[in-house]
Amino acid sequence: MHNRCFIILKTDTQIIQLILLLSLFLLTSICLNAQFSAGSSFFVKEGSVLSIDGLNLKPALDLDFSNQSVQKSSTPATTADPGSLGSIAAVYNFSHTLSYKGELGIRYIDGALNGNTPNLLALAYHDGTSGFSVANILTLSNDDHLVWGSTGINTINLAKLTAVNSGVL
């Protein structure tokens, strides 16, 4: 004899409630990381905007993005200083350090602030070797949940990108 478990649903409302409950259960068990992978021939024309899950790149020069992948992590970047807030809970990791010149930005949600103050946010990048820096990115605006900046005349090596309150990382 087989034991079977049946859920008897009498109304459409009960069916919808069950579907929503199961959907919520599945969503809470999924890791909150996003990833983008470019193929072997992927180029971004200068002045065009490439948007990947809140990351925005507007290169000043044609950008070869071939064989590059970008992974968004919800784990904030931290420092050795135990009193430091760390970054917002949105850190973009590039599979290969990218030589980049142009404008760039991060769109964030309030829940990702990690204690940072929105109007004090500035972009911070990691060059792959020396740690995070805000020195070579001028923050142009910080409006409507978007931190937007520019490398100016500088070319930076971009391995990771996030946003922090000025002076945090």
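Which residues does L161 touch, not counting residues up to four places away in sequence? Here is the list. L161 touches L55, A90, V91, Y92 and L104. L161 also touches I106, L123, A124, Y125 and I137.

Before we go on, a reminder. This is a predicted model. So let's look at confidence. The mean pLDDT of the protein is 81. Of its residues, 72% reach 70 or more. Among the elements, β4 has the highest mean pLDDT, at 96. Helix α1, residues 12-28, has the lowest, at 55. Over residues 24-33, the pLDDT drops below 50. That stretch has six contacts in the model beyond near neighbours in sequence.

Back to the core. The largest nonpolar core has 28 residues. Three of them touch the most other members: F65, L158 and L161. Which elements give two or more residues to this core? They are β3 (50-52), β4 (55-59), β7 (91-100), β8 (102-107), β9 (121-126) and β13 (156-165). As background, nonpolar side chains in soluble globular proteins tend to be buried together.

Now take F65 from that core. F65 is buried, because its relative accessible area is 0% and buried means under 20%. F65 also belongs to an aromatic pair. How many aromatic pairs does the count give? The count comes to one. The partners are F42 and F65. Their ring centres are 5.9 Å apart. The planes are at 55°, and the pair is tilted.

Where do the two partners sit? F42 lies in the loop between β1 (34-37) and β2 (43-44). F65 lies in the loop between β5 (63-64) and β6 (69-73). So the pair ties together parts that are 23 residues apart in sequence. Is F42 buried or exposed? Neither: F42 is partly exposed, with a relative accessible area of 25%.

Last topic: backbone angles. Most residues other than glycine have a negative phi. Two residues to look at here are D53 and N114. D53 has a positive phi, near 45°, and is not a glycine. D53 is in the loop between β3 and β4. D53 counts as partly exposed, at 43% relative accessibility.

What about N114? Its phi is positive too, about 55°, and N114 is not a glycine either. N114 is in the loop between β8 and β9. With a relative accessible area of 33%, N114 is partly exposed.

To recap: L161 is among the core residues that touch the most other members. F65 is another of those, and pairs with F42. D53 and N114 have positive phi values. Thank you.

How values were computed:
Residues numbered from 1 in each chain as written. Predicted model: local features only at pLDDT ≥ 70, side-chain atom pairs only at ≥ 80, totals over all residues. Heavy atoms only, no water. Core = buried A, V, L, I, M, F, W, Y, C linked by side-chain atoms within 4.5 Å. Buried < 20%, exposed > 50% of the residue type's maximum accessible area, 1.4 Å probe, protein only. Helix = DSSP H or I, 4+ residues; strand = E, 2+ residues; numbered from the N terminus. Contact = heavy atoms within 4.5 Å. pLDDT = per-residue confidence, 0-100. Phe/Tyr/Trp six-rings, centres within 6.5 Å; stacked < 30°, edge-to-face > 60°.
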